[in-house]
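Student: I have a structure to read and would like to know what lies behind the terms used for it. Could we go through them one at a time?

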Amino acid sequence: MVLNFLFLFGAAQALGWASAQAVVGPAWTASPFHPHAVPLAIRSPYLNSWAQGGNGSAPISTQWPTLWDMTNVLGWTVFVRVDGTAYRILGGDGPQAANQTAFSFSATQSKFVHTAGTVMFTTTFISPIEPTNLVLQSLPAVYLAITAQSTDGNPHSVQVYSDITAEWISGDDTLLAQWDTNTSSSSVIHSVHLDPTKPFTVLNHHIQDATAYYGIMNGSAVTWQTSNGSARNQFLASGLLPNTKDTNFQPVGLNGNFPLFSISTDLGMVTASSSPVVFALGLIRDPAIRTTSAAGQSEERSLYFWSEFPSAFDAMDHFISDYPRAASAANAFDSSIRNAAVAVSSDYADLVDLATRQAFAMVEITVGKDDEGNWNTTDVQAFMNDVTGGASVVDVMFPAFPLFLQTNPVIAGALLKPLLQWQQGGSYPHPWAAHDLGAQYPTVTGDTNGTVMPIEESANMLIMTLAQARASGDATLISNFYGILDQWADQYLVSNAMNPGDQNFTDTALTGPVVNDTNLALKGILGIQAMAGIASAVNNTDAANKYSGIASTLMNQWQSLAFSQDGSHLVLGFGNNTSSLILPYNLYVDKLLGFNLIPQIVYDKAAAFLKTQTQTYGVALDSRSSNASKTDWALFTAAALTDTDARNTLISSVRKYAANQLAHVPFSDFYDVSRGTGTVGFQARAVQGAMYSILALQYTIS
């Protein structure tokens, strides 16, 4: 992601650096803490719904969920009736708000507790993460599960209602929507889409060719309705719906009139905790991605789950019936990840939990077809959205990569394949690696004239390819794309790694350009060493020895130039004065891949110096700005340090930022280490997969 330096820092307030202020905590308990924004339905770049968090945050019973941008409302309501009195659990309008008393989150779930009269309701939003099952992982659908329990020991009559509006399908409320309801013995499923749809088009961050599905398991207590707004009043008055369709199709929300897709169920008399009422929400489109095939032809690809289900209704029907297994799997995933991360520290585990859904949601896993039009389930490609439309941006993928190395390196390989395939096909005219596959996601056909980061992206691609091969035990990508990998190392990095000049790379967009950046040169050298590992993986001993020798020579040169005059710490650029400094996040690569190329003294000096530079919320990215930093680079640095105290201090400072309630956007990676405020425009990004940096170390060293 490349933005103008002066724009970023000359207009910091406009970009969302919130002013530091006294924090007024929420009136409910929060575990492990109350984040800047609360994840609700987080399963794709477009099924990406949040509730406002942060300072003075409102309970979910008084606000509308929004898209990740925190401005586009996504109509979603939950009402309940207790002994005939109605309460609101979710949404910004309706009957009296239930009292929110508790909130908690884990890697896949956000849970809220409300009291409504003499009944306690527990509402759980589950965004399933099943990385080893590509069918289920690729299905963009979530669960909303609600249980009820009497608080006075007496039975109470309870009904539950929920609806969505058509706001989920478009960024323009004036466009015409069309809908239907599919009922069967197993489920009731509403569906709504634009008429006509607009393939591969994004408007105000909404995809314009998706169908929203909202459903429930069918039963005698279930009633439903599509309406122009009357369903809510119908439920409030009677506790049930008439099972009718309104076929007077209308715009998404013209003049504030929103069609509703409503479901209710009667729990009867409730004393002990009820069985969960489970709603399922999906946002599905087909095809999902327009890209370029290996033959250089335009190709439209579908999400992988289509290889198992003949229709979206079949997929949603299965998803609804699969809830008991899926809920158990979510709990198991949460426990597994939490237990592994807690072994580092509880603060680290909190960051891992917060980042997981956010990072996974920006990746879509697709399947290709053979020459006869049949699904080819061996043709798996994944694509990453950089929130605002950047397609598979390499310097966004790179910090996110530890998440996929740790949870399923097959997904990591599927992310790399489209980038490698497009460039080996000869479409990219430069000797270095491309920055991305375009800027118009979900059109990912490549970009030959866009942003370039020659050393950064070439090294990133080499490092990720080797890491994926080691984590998976599968060198297929290396074998298939050795030519382009060798080109980036031999024709570019060998000659340029130690002479980056004022070359563009990730950090220049944030804190400005620098000549012969120390971090960037280190990345280039580590990229060359990665090429040695790549050559070794295909038994090319001569090439492996060549690249390893070059990397060793360049490392000696780097050491002689990278330190301050007094030798105490790494400086911003070669030959800089003693006052300049960096957050040395690229040290992580040496640890991740077990190169042992960087002498221990470099790590020791880095740790000792960082201890002297820690501010309230962390360490600045470098001396070009005394306060600006990145959460992903902080966690890469923490993972690289062998000094446990220095590592844990960095982790805890980032956790302190994530929990400080000074923002209202999903976990922003670009933030102020003095004030603890994040930047609008950097929220909800996949780069937070870097929180997995320590967990990933065990997978790729050998």
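Student: Is Val 571 buried or exposed, and how do you know?

Tutor: This is a predicted model, and in it Val 571 has a relative accessible area of 0%. Buried means under 20%, so Val 571 is called buried.

Student: Where is Val 571 placed?

Tutor: Val 571 sits in the loop between H15 and helix H16 (587–592).

Student: Which residues does Val 571 touch?

Tutor: Leaving out residues up to four places away in sequence, the contacts of Val 571 include Thr 518, Leu 561, Phe 563, Asn 576 and Ile 582. Contact here means heavy atoms within 4.5 Å. As for Thr 451, 120 residues from Val 571 along the chain, the two C-alpha atoms are separated by 27 Å.

Student: What makes helix H18 largely enclosed by the rest of the structure?

Tutor: Helix H18 covers residues 631–640, and 10 of its 10 residues are buried, so the rest of the structure largely encloses it. Among these buried residues are Asp 632, Trp 633, Leu 635 and Phe 636.

Student: Why is E3 called largely enclosed?

Tutor: In E3, 4 of the 5 residues are buried, so that strand too is described as largely enclosed by the rest of the structure.

Student: How do you know that E2 and E3 pair?

Tutor: Two strands pair if there are at least two bridges between them. E2 and strand E3 (residues 48–52) have 5 bridges, in the antiparallel sense, so by that cut-off they pair. Two of the partnerships can be named: Pro 39 is bridged to Trp 50 of E3, and Ala 37 to Gln 52 of E3. E2 and E3 form a hairpin, with 5 residues between them.

Student: How many bridges join E3 to E4?

Tutor: There are 2 bridges between E3 and E4, which run antiparallel. The cut-off is at least two, so E3 and E4 also count as paired. One of the partnerships is that of Ser 49 with Leu 67 in E4.

Student: In what order do the strands form the open sheet?

Tutor: The 3 strands follow the order E2-E3-E4, with antiparallel pairing.

Student: Why do strand E2 and strand E4 stand at the edges?

Tutor: Strand E2 (37–42) and strand E4 (66–67) each have a single partner strand, so one side of each has no neighbour in the sheet. Helix H7 (residues 346–361) lies across E2 and E3, at about 45° to E2.

Student: How are helix H12 and helix H15 packed?

Tutor: Helix H12 (residues 482–496) and helix H15 (residues 541–562) pack at an angle of about 35°, their axes 12 Å apart. Their crossing is left-handed. Residues making the contact include Tyr 482, Asp 486 and Val 494 of H12, along with Lys 546 and Ile 550 of H15. By class, 6 residues in this contact are nonpolar, no residues are polar and 3 are charged.

Student: Which residues touch the most other members of the largest nonpolar core?

Tutor: That core has 240 residues, and those with the most contacts to other members are Trp 76, Phe 121, Phe 404 and Trp 558. Helix H14 (residues 518–537) gives the largest share of the core, 11 residues. Among the residues that Phe 404 touches are Phe 360, Met 384, Ile 411 and Leu 415. Another core, of 6 residues, lies apart from the largest one and includes Phe 79 and Tyr 161.

Technical notes:
Residues numbered from 1 in each chain as written. Predicted model: local features only at pLDDT ≥ 70, side-chain atom pairs only at ≥ 80, totals over all residues. Heavy atoms only, no water. Axes fitted to C-alpha atoms, helices over the stretch in contact; angles between N-to-C directions. Buried < 20%, exposed > 50% of the residue type's maximum accessible area, 1.4 Å probe, protein only. Left-handed = near helix turned anticlockwise from the far one by under 90°. Nonpolar A, V, L, I, M, F, W, Y, C, P; charged D, E, K, R; others polar. Core = buried A, V, L, I, M, F, W, Y, C linked by side-chain atoms within 4.5 Å.
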